[in-house]
Amino acid sequence: MTANASARAIKPELLRTYTEDFNKDRANLIAADAAVSAGVLKAATDYRGVRALPRDFSIELKQGSITNQERSGRCWMFASLNTLRYELMHRWNLEDFEFSETYLFFWDAMEKSNTYLENVLRTLDEATDSRLFEAINESPADDGGWWQMFAALVNKYGLVPKSAYPESENSRNSDDFKQYLNSKLREFAAELRRRSVAGASEDELRALKDEYMGTVYRICAVALGEPPEKFDFFARPKDDDEDKKGEARKCKAEADADGKAESCKCEGKSDAKACKCDKDKSDKPKTGKDERPQIREIGITPLEFYKKYVPVDVNDFVTLANAPLKNRPFNQRYRIRFSANVAEAGDMEFVNVPLDVFKKAALDQLTAGHPIWFACDCTQFALRKDGFFDQSVVRVDQLFGTEFTGDKAHGLEYGDSPSNHAMTFTGVNLGEDGKPNRWKVENSWGKDAGKDGYYVMSDAWFDRYVTELIIRKEYLDDATRALLTTEPVELDPWQPLTRRCR
C-alpha cells in the first residue's frame, strides 16, 4: 500500500478509539438497544413532540373519504384530484366522491411516451452519454409528475368518476407495467437514432414515431383497459333537511319529557321553519325508499363532465416555490426545459417567492375554504405510520448523538431533501397571535397511514421541507401576480426543483 493510499484509509487505531468512546457512553448503549430492536424511527420517537401536535385545527375543510395510491407513483395525481373533488362535492352537495385516477394514469402514460419520443427527435445530435440525453432517457414514462402535468391532461382528456374507470392491478402496482413500457420506448429511441444516422428525413422519423405509438397504446390498453369515451353518471346530493329534522326530533323529545311540547323552540336558530318541532312533517307513510334528488347523466364525455361538474378551472392555479438558493433569486418566474408530459402543452413553470409570501398565500386560500396541493420531501423527520411531520417528534439527533443542521437551501442544493411527494393541505391551526403552528395534511396512502389517512405537520417542518404550493390566482398578492407576465428564466432538467413527485 502506498503512503498516499494509507492516508486515505480508515486507520485501525482510530477504529479502536471509536469503539472505546462508543462503549463508555451509557446513552449510546441504550440507543443501540432501542434502534436495533425497534428500528430507527420508533427508537427516535419523542412522546413530548407527539403531544405538542394535537390533531385539532382552527380552520378545517370537510373532505371526502381518504384515497390510496397503493404501490404506484401517482401522488401528484391523487393530490390534484383530491383538491378538485372537494370543490365538486361542495358545489353539488355530495357526501363523498372520487375521480378515476386510472383514467388520467392511462393518458399520462400515452402522453409521456409521445413526449419522450419527440424529445429523442429533438436531441438526435446529442451523444447518448450527454447530460441532457441522460436526463431525458432516465425514466421515459415514469409515474411521477406535477400539478401542471395534471392540468395538461385534464384540459385535453377531461375527467371521469371512479365508477366509470376503476383501479386495476397495474394502476395499483405499476412497476411491472412501467418497466416494460420504458424498455420498449428505449428500443424505439435507439431505432429512431439509428434511422437518423442512416439518412431518414424528419417526416420519415415522425411517421415511424406514430407507428410506435400504436404499440404504446396496445401496451397501455392491455395493462389498464381502454378508457371510456362516454359514460353514465349517477349521484345523490345530501338531504339538507336531515340535520334540521334531527334537531327537531331531539327538541321535540326533550320538550315532551318536560311536558312542554307546545312551547318548544330551538335555541339560537333564526329560521322558524327549520326550528319548528311541535309538528313532524311525516304524514306520508315511510317506505324506506331513498327520496333524495338524483343527478343523472347518460352518455356524457369526460370533457363534458369536467366542464359541467367541476366548478374550478385547472388553468387558474399557479405553482409557487420557496427555494432559497443563490442561483435561483426570489420574485422570478422559471421554466424547466424538457419537463412536459403533453408535448404541445409546454414545460413546467413556477414562481420562486420568499417564505412569508409563500405561507401567506397558503393561509389565505385555506381560510377562504379551498384545499391546497403541495410538494415536499416526505421522508425527512416523518412518521409514516403514525402520521407526523416534525423534527421535534423524530429525534434522530438525540438517538445518534449528533445535530442535523442543514437548512432548506442545503437540502435542495445537495439533493438531500428534494420534492418527492405531493399531498393536500385541508386545515391549519392558528395560535393566539394569529400565526400557524400546525397544518392538517390529507395523504393518499390509505386510511391506515397516519390518523385515518391524515397527518399533522408542524409549522417549523412546513418552513423547512415544503417547497411547492399550487395557489389559485385570486390568492396571490399583486407583486407575485405581476410576475406571471414576465419572461421566464429557463432551467435544465437536472437542476433543483425538477424532480417529479411520486
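**Helix packing and enclosed space: worked exercises**

Helix 6 and helix 9 are roughly perpendicular to each other, therefore placed in the class that covers angles of 65 to 115 degrees. The model is a predicted one, in which local features need pLDDT of at least 70 and side-chain atom pairs count only at pLDDT 80 or more, while totals for chains, interfaces and linings use all residues. Residues are numbered from 1 along each chain as its sequence is written, and side-chain values use heavy atoms, with hydrogens and water left out.

**Exercise 1.** Describe how helix 6 packs on helix 9, giving angle, handedness and contact residues.

*Solution.* Begin with the elements: helices are DSSP runs of H or I with at least four residues, numbered from the N terminus. Helix 6 spans residues 75–92, and its axis lies 9 Å from that of helix 9 at an angle of about 65°, where axes are lines fitted to C-alpha atoms over the stretch in contact and angles run from 0 to 180 degrees between N-to-C directions. Next, the crossing is right-handed, a term that applies if the near helix is turned clockwise from the far one by less than a right angle. Finally, W76, S80, L81, T83 and L84 of helix 6 make the contact with W147, M149, F150 and L153 of helix 9, contact being heavy atoms within 4.5 Å. These residues comprise seven nonpolar, two polar and no charged; Ala, Val, Leu, Ile, Met, Phe, Trp, Tyr, Cys and Pro count as nonpolar, Asp, Glu, Lys and Arg as charged, and the others, Gly among them, as polar.

**Exercise 2.** Work out how helix 9 is oriented towards helix 15, and which residues meet.

*Solution.* Helix 9 (residues 147–157) and helix 15 (residues 302–309) have axes 7 Å apart and an angle of about 110°, which makes helix 9 roughly perpendicular to helix 15. On the helix 9 side the contact has V154, N155, K156 and Y157, and on the helix 15 side P302, L303 and Y306. By class there are five nonpolar residues, one polar and one charged.

**Exercise 3.** Classify the packing of helix 7 with helix 11.

*Solution.* The axes of helix 7 (residues 101–122) and helix 11 (residues 175–197) are 10 Å apart and enclose an angle of about 25°. The two helices are therefore roughly parallel, the class for angles under 35 degrees, and their crossing is right-handed. Their contact divides into twelve nonpolar, one polar and three charged residues.

**Exercise 4.** Characterise the largest cavity and the second largest pocket by volume and lining.

*Solution.* On a 1 Å grid over the protein atoms alone, a cavity is a set of points where a 1.4 Å probe fits but cannot get out, whereas a pocket is an open set with protein on both sides within 12 Å along at least five of seven lines; lining residues have an atom within 4 Å of a point. The largest cavity holds about 30 Å³, and its lining consists of T83, E87, F317, H370, P371 and R472. The second largest pocket holds about 730 Å³; among its 30 lining residues, E138, P493, T498, R499 and R500 are closest to its centre. Helix 7 gives the largest share of that lining, four residues.

Notes
Parallel < 35°, antiparallel > 145°, perpendicular 65-115°, else oblique. Points joined across faces, edges and corners; volume = space filled by probe spheres on them.
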